[in-house]
Amino acid sequence: RAFVSAYLVAYRAVKESYPEVSVLVTFQYEHILRDLGREKHLSEHGAVSAFGESLDVVGLSVYPCLVYRQTDGIPTDYLVRATTPGKPAAIFETAWPAPKTSESLQREYVSWILDQAQRNQLDPVVWTSTVDTISAEETSTDRKSSGCDMPVAEWNKHLGLWRLDGGEKQAARVWIRQLGNNRLINASMAEAREDPTLPRSKPGY
């Protein structure tokens with residue numbers, strides 16, 4: 001309750017000065033889903049409805065690996081209840097850990113999450129980490145581990161689409177290719193290229 005009260009005060013203050021800015025809270029999807037019961041949409045859960053109309057976007061962190069060991073076990077309707085009638089929803093945090101033995105699973109997950117987000121109109125999708133924070137050789141976890149069945153302190157170091165040494169994981173190319181097919185992203189990039197006020201990369205970079 002204290003957080004909700006503080007948020008509502010902050011929401012009003014932001015809207016008074018910057019009415020066009022979206023203000024939101026991010027909810028952990030797997031935790032909400034576990035408690036949702038027969039309620040159809042996330043907006044019907046008490047933790048979400050407590051904010052009333054003062055959520056411009058319903059933000060989500062999504063980690064199916066907390067529930068499923070393999071990507072092919074994730075139900076096709078997994079994100080259906082993330083949609084909220086009359087209010088946009090977005091994924092502001094998602095990933096699938098990928099030490100050496102799980103890179104193919106991460107690749108499959110990237111393809112799945114981008115496809116499902118588009119189908120359920122969840123935009124944007126933000127990947128948690130660009131680069132791992134530990135090398136595969138440094139990990140102390142059993143090589144047979146397949147993601148979130150590792151201790152949190154271990155798997156959260158393997159969320160990157162690139163390895164610590166800069167090497168590209170299998171999922172990186174899928175991420176780049178699928179986002180490259182996004183019409184809105186392509187339009188934004190084209191507009192940015194035409195904007196003379198934006199800095200340009202040096203040749204060779």
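**Entry 1: β3 and β4**

I started with strand β3, residues 89-94, and found it joined to β4 by three bridges, the two running parallel. This is a predicted model, so I keep that in mind throughout. For the register I looked up two pairs: A89 sits opposite L122 of β4, and I91 faces V125 of β4.

On the other pairing I checked, β2 and β3 are also parallel, with five bridges between them. There L60 has I91 of β3 opposite. So I91 turned up in both of my lookups: it stands opposite L60 and opposite V125.

**Entry 2: the whole sheet**

Next I wrote down the strand order. I get an open sheet of four strands, β1-β2-β3-β4, with parallel pairing. Which strands stand at the edges? They are β1 (24-28) and β4 (122-127); each has a single partner strand, so one side of each lacks a neighbour in the sheet. I also noted the twist: neighbouring strands are turned by 25° against each other on average, ignoring direction.

**Entry 3: α4 on the sheet**

Then I followed the chain through helix α4, residues 103-119. This helix packs on the sheet and touches β2 (57-62), β3 and β4, and its direction makes about 155° with that of β4. I checked the handedness too: β3, α4 and β4 form a β-α-β unit that is right-handed.

In the loop between β3 and α4 I stopped at W96. Is W96 buried or exposed? I find it buried, its relative accessible area being 0%. I also took a distance from W96 to E108: 9.5 Å from C-alpha to C-alpha, at a separation of twelve residues in sequence.

**Entry 4: α6**

I went on to helix α6, residues 170-180, and listed A171, A172, V174 and W175 as buried there. They lie on the same side of α6, because the arc they cover around the axis is only 165°. Where does that buried set go? It packs against α4 and β4.

**Entry 5: the core**

Last, I looked at the nonpolar packing. As a reminder to myself, nonpolar side chains in soluble globular proteins tend to be buried together. Here the largest nonpolar core counts 46 residues, and Y29, V62 and L79 have the most contacts inside it. Elements giving two or more residues to this core are α1 (2-17), β1, α2 (29-35), β2, β3, α4, β4 and α6. Which element gives the largest share? I noted α4, with seven residues.

I then picked L79 and listed what it touches, leaving out residues up to four places away in sequence. Among them are Y29 and V62, along with I91, W112, I113 and L122. The list also includes Q116, A117 and N120. That brings me back to two residues from my first entry: I91, which faces V125, and L122, which faces A89.

Key:
Residues are numbered from 1 along each chain as its sequence is written. This is a predicted model: local features need pLDDT of at least 70, side-chain atom pairs count only at pLDDT 80 or more; totals for chains, interfaces and linings use all residues. Side-chain values use heavy atoms; hydrogens and water are left out. Two strands pair if DSSP finds at least two bridges between them. Axes are lines fitted to C-alpha atoms, for helices over the stretch in contact, and angles run from 0 to 180 degrees between N-to-C directions. Contact means heavy atoms within 4.5 Å. Buried means under 20% relative accessible area, exposed over 50%, partly exposed in between (1.4 Å probe, protein chains only). The arc is that of the directions from the helix axis to the C-beta atoms. A nonpolar core is a set of buried Ala, Val, Leu, Ile, Met, Phe, Trp, Tyr and Cys residues joined through side-chain atoms within 4.5 Å. A crossover is right-handed if, with the strands pointing away from the viewer, the path from the first strand over the helix to the second runs clockwise.
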